[in-house]
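Here are my notes on this model, set out as numbered points. Please read them with the structure open beside you.

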Amino acid sequence: MKDQDLPLVTSETLREDISRHLKLSIGKDPNHASLYDWRMSLSLALRDRVVEPWFASTRKTYEGKHKRVYYLSMEFLIGRLIEDVTINLDVEEAAVQAMADLGQDYYKVVVDEPDAALGNGGLGRLAACFMDSLATLAIPAYGYGIRYEHGLFEQHFEGGQQTETAEGWLAQRHAWEFERPEVAYKIHFGGYVSEENGKSNWNPAETVLASAYDTPIIGWKGQWANTLRLWAAKPVKLFDLESFNRGDYVGANAPERLARTISRVLYPDDTTQDGKELRLKQEYFFTSASIKDLLRRFLAEGNKIEDLHEHVAIQLNDTHPAIAGPELVRLLIDKHDFNIDDAIEMAHKCLAYTNHTLLPEALERWPEDLFARILPRHHRIIQMIQDRHLSATGTDIRIIEHGNVKMGELAFIMAHKVNGVSALHSELVKETVFADLHKAYPNRILNQTNGITPRRWLYSCNPALRNLITETIGSGWEADLENLQDLNAHLDDAGFLQAYAAAKTTNKVRLAKWLKDRNGVTLDTSAMFDIQIKRIHEYKRQHLNILETIALWNDIRDNPTANWTPRVKIFGGKAAPGYVLAKSIIRLINDVAATINNDPVTRHLLQVVYPENYNVSMAEVLIPASDLSEQISTAGKEASGTGNMKLSLNGSPTIGTLDGANVEIREHVGHENFFLFGLTAAQAQEKRGDHGYSRRAIEASPKLSRVLGQIGAGVFSNGDHHRYSDILHNLYEHDYFLVSCDFDEYFAKQREVDAVYQDVNHWTRTAAANTAGMGWFSSDRTIRSYADHIWDAKSVT
Ligand code: GP0
């Protein structure tokens with residue numbers, strides 16, 4: 001990539017553009033403009049500056065006939081965009097100045113933007129980081145997804161219990177997108193297949209329109225921009241005039257309601273699937289529109305369909321878009337006269353699939369009758385794909401089995417490459433979920449360890465550390481994160497360590513202020529900020545953390561004058577609305593917080609805070625302020641984690657298990673800078689065969705027995721003995737996630753953390769070593785590796 005000069009953006013030109021947009025696009029006089037009006041005007045003025053590089057990128061891709069990457073994902077967890085754009089265009093200073101000249105506070109405007117929360121967690125945020133890196137690396141790419149009217153629900157706590165309300169980011173105008181009414185495809189469902197002269201015809205029962213909305217995604221220094229194209233469902237027929245004329249006004253709206261339901265709401269389940277018809281329709285809806293769109297683009301450029309794989313790489317982000325295989329096969333047969341074998345072969349060369357979990361409840365499978373009813377033609381195509389696979393491999397590994405269509409098997413068989421998301425996870429993929437398929441296709445599985453974009457997750461969210469890094473090693477690290485290694489030469493420099501600690505304090509003060517404004521709580525910023533932020537799930541073991549908190553509380557009360565290390569335990573995360581035990585864990589954390597925070601004996605030493613509605617924007621405030629990163633999943637269960645990378649990069653050492661990418665983080669930052677505990681994946685698996693292990697482990701641990709006894713006695717529930725019987729029963733009787741077995745080692749490791757924290761120099765060096773060692777975890781590295789090993793795609797120079 002050539003480092004061309006960005007067009008000069010001064011605060012004056014930007015100010016003029018903001019004023020013009022306020023007047024002509026928003027229709028407001030400055031005297032009457034609201035915060036919203038200013039935000040729209042600023043966003044539009046910034047968007048104007050993305051358009052040129054966006055056009056230029058499209059032109060270059062077209063002229064050079066470059067291969068394009070199509071990233072199909074049900075989720076894109078974008079967050080806010082103003083800062084993203086000012087930072088990538090390097091116009092933050094100008095924007096701050098321009099707004100100040102207009103009498104406005106830029107940062108107030110920035111935080112007024114609602115998060116685009118079109119995802120649940122790690123999987124969706126990974127897609128967003130990948131879009132950032134694809135643009136930064138100038139790899140021609142489209143992200144394809146759904147323009148949900150309602151993103152992930154908003155979480156509230158009522159009496160400590162999670163409640164949910166609908167999220168409404170599109171209630172306001174979304175300034176970043178361009179509507180493309182001319183780009184629309186008919187998407188069909190249901191009906192039946194008829195045969196005519198050896199050709200199959202699909203006679204669908206239902207049709208909706210997929211209508212495109214484009215958001216340009218600008219890379220670092222504004223050198224390249226790609227497109228995030230999201231599909232909204234619209235009715236083919238706007239309105240049923242006949243019903244209206246009959247006086248049936250509700251019925252008249254039926255076509256519209258039916259269609260819009262498809263892109264109405266993001267399913268809020270993270271790593272579980274519940275086989276709902278609407279979900280299958282969503283998957284087919286966006287996948288079909290995307291495949292039709294990429295074929296149209298490919299043919300419009302005058303290419304021959306036989307060369308498709310040389311110009312198109314399609315990445316399936318999990319199995320949600322796995323129907324892409326049969327859909328592409330269908331279109332090649334019906335519209336391009338391929339025979340079935342050639343069509344399958346072509347689809348195979350274009351498609352690759354990423355697996356994100358081994359949890360059985362996440363593996364998508366559809367009841368065959370439901371599947372055949374919604375997608376009758378694809379059902380048959382899948383049978384043909386299966387037949388060919390069975391005879392080619394001589395195995396008995398089926399896609400359709402026991403009345404289910406298994407999307408993992410479908411994705412694996414159709415793809416030319418299948419990847420896991422961390423070294424450990426990819427090995428487990430080979431040994432467990434896809435063991436048989438791996439034997440049948442031994443060269444198909446490879447690893448691509450996840451990464452995070454350093455632009456959002458350091459440069460933008462942590463200006464204090466960003467400035468120190470640049471002062472210390474110069475700029476360049478933003479797009480070449482391995483440069484952070486140069487910090488290693490400064491780890492024994494007292495001045496550097498002092499500045500490093502000061503940056504952390506700045507961020508902790510910022511977080512404390514944020515929490516004060518939001519929740520009215522006051523934090524001791526010299527206390528260790530110990531943070532666990534992620535979806536609430538048994539395998540992530542937030543309950544292990546809160547049980548350890550209670551045990552620590554007990555110990556402090558037993559001996560209040562000992563040399564304790566003050567801690568603030570911070571939790572953030574949502575539970576799937578139907579996940580009863582996860583919701584119980586949330587309530588327990590809030591109950592424990594209410595008790596402990598009111599204890600005059602301990603409250604200067606131990607505090608628990610759990611701000612509601614954790615999202616990308618909250619992460620941007622919490623992560624830079626973290627001292628300790630909790631990555632305590634049961635080994636073998638967390639595919640990778642990416643929050644672990646963000647925290648470590650921002651100078652928050654990990655207390656964690658050998659799970660997911662923790663293993664690789666520990667190698668990169670150095671074993672001495674990582675607080676390891678717990679069973680390994682192999683030991684965990686073995687332990688499960690050891691009947692009665694949890695009860696024995698609890699009985700062998702006085703601390704844990706005491707804590708569980710307190711919970712059962714109602715210490716945190718106003719004397720209610722039964723409020724947490726689900727959690728207690730689970731721990732005593734099953735404890736599949738081995739909380740009981742890892743408890744004592746976790747508690748002991750926490751006390752080791754306490755001791756190191758008291759040695760300020762030692763602690764700061766540990767934190768800084770984390771930053772220095774994390775360069776490899778840039779999503780730029782991940783994307784380069786996908787480009788080389790899966791897509792055969794190149795950066796445009
Ligand atoms: C995995 F299967 N992940 C799934 C899913 O449905 N949703 C989801 O967010 C996550 C994994 O749990 C992860 O380990 C991983 O880093 C992420 O996908 C991206 O690969 C932590 O969030």
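1. Thr 215 has Leu 228 of β11 as its bridge partner. This pair belongs to an antiparallel arrangement in which 11 bridges join β10 (residues 206-218) to β11 (residues 225-235). Bear in mind that the model is predicted.

2. What lies between β10 and β11? The two strands form a hairpin, with 6 residues between them. One residue to look for in the turn is Lys 221, whose phi is positive, at about 65 degrees.

3. β10 also pairs with β7 (residues 178-189): the two run antiparallel and are joined by 9 bridges. To find this pairing, look for Lys 186, which stands opposite Leu 209 in β10.

4. Another sheet is found further along the chain. Its 3 strands follow the order β14-β16-β15, the sheet is open, and the pairing is antiparallel. Which strands are at the edges? They are β14 (365-367) and β15 (400-401), each of which pairs on one side only.

5. Within that sheet, 3 bridges join β14 to β16 (residues 404-406), and these two strands run antiparallel. Trp 366 has Val 405 in β16 as its bridge partner. A helix, α16 (residues 407-414), lies across β14 and β16. The direction of α16 is at about 40 degrees to β16.

6. Now the helices α1 and α4. Helix α1 covers residues 11-24 and helix α4 covers residues 92-101. They pack with their axes 8 Å apart, at an angle of about 55 degrees. That angle makes α1 oblique to α4, because angles from 65 to 115 degrees are needed for roughly perpendicular and angles under 35 degrees for roughly parallel. The crossing of α1 past α4 is right-handed.

7. Which residues make the contact between α1 and α4? From α1 they are Ser 11, Leu 14, Arg 15 and Ile 18. From α4 they are Ala 94, Ala 95, Gln 97, Ala 98 and Asp 101. By type, the residues of this contact divide into 5 nonpolar, 2 polar and 2 charged.

8. The last point concerns the ligand. How many residues surround the ligand? There are 19, and the closest are Gly 122, Leu 123, His 356, Thr 357 and Ser 640. The shell around the ligand divides into 5 nonpolar, 11 polar and 3 charged residues.

Methods. Residues numbered from 1 in each chain as written. Predicted model: local features only at pLDDT ≥ 70, side-chain atom pairs only at ≥ 80, totals over all residues. Axes fitted to C-alpha atoms, helices over the stretch in contact; angles between N-to-C directions. Helix = DSSP H or I, 4+ residues; strand = E, 2+ residues; numbered from the N terminus. Parallel < 35°, antiparallel > 145°, perpendicular 65-115°, else oblique. Left-handed = near helix turned anticlockwise from the far one by under 90°. Contact = placed C-beta atoms within 7 Å. Nonpolar A, V, L, I, M, F, W, Y, C, P; charged D, E, K, R; others polar. Near = placed C-beta within 6 Å. Pairing = 2+ DSSP bridges.
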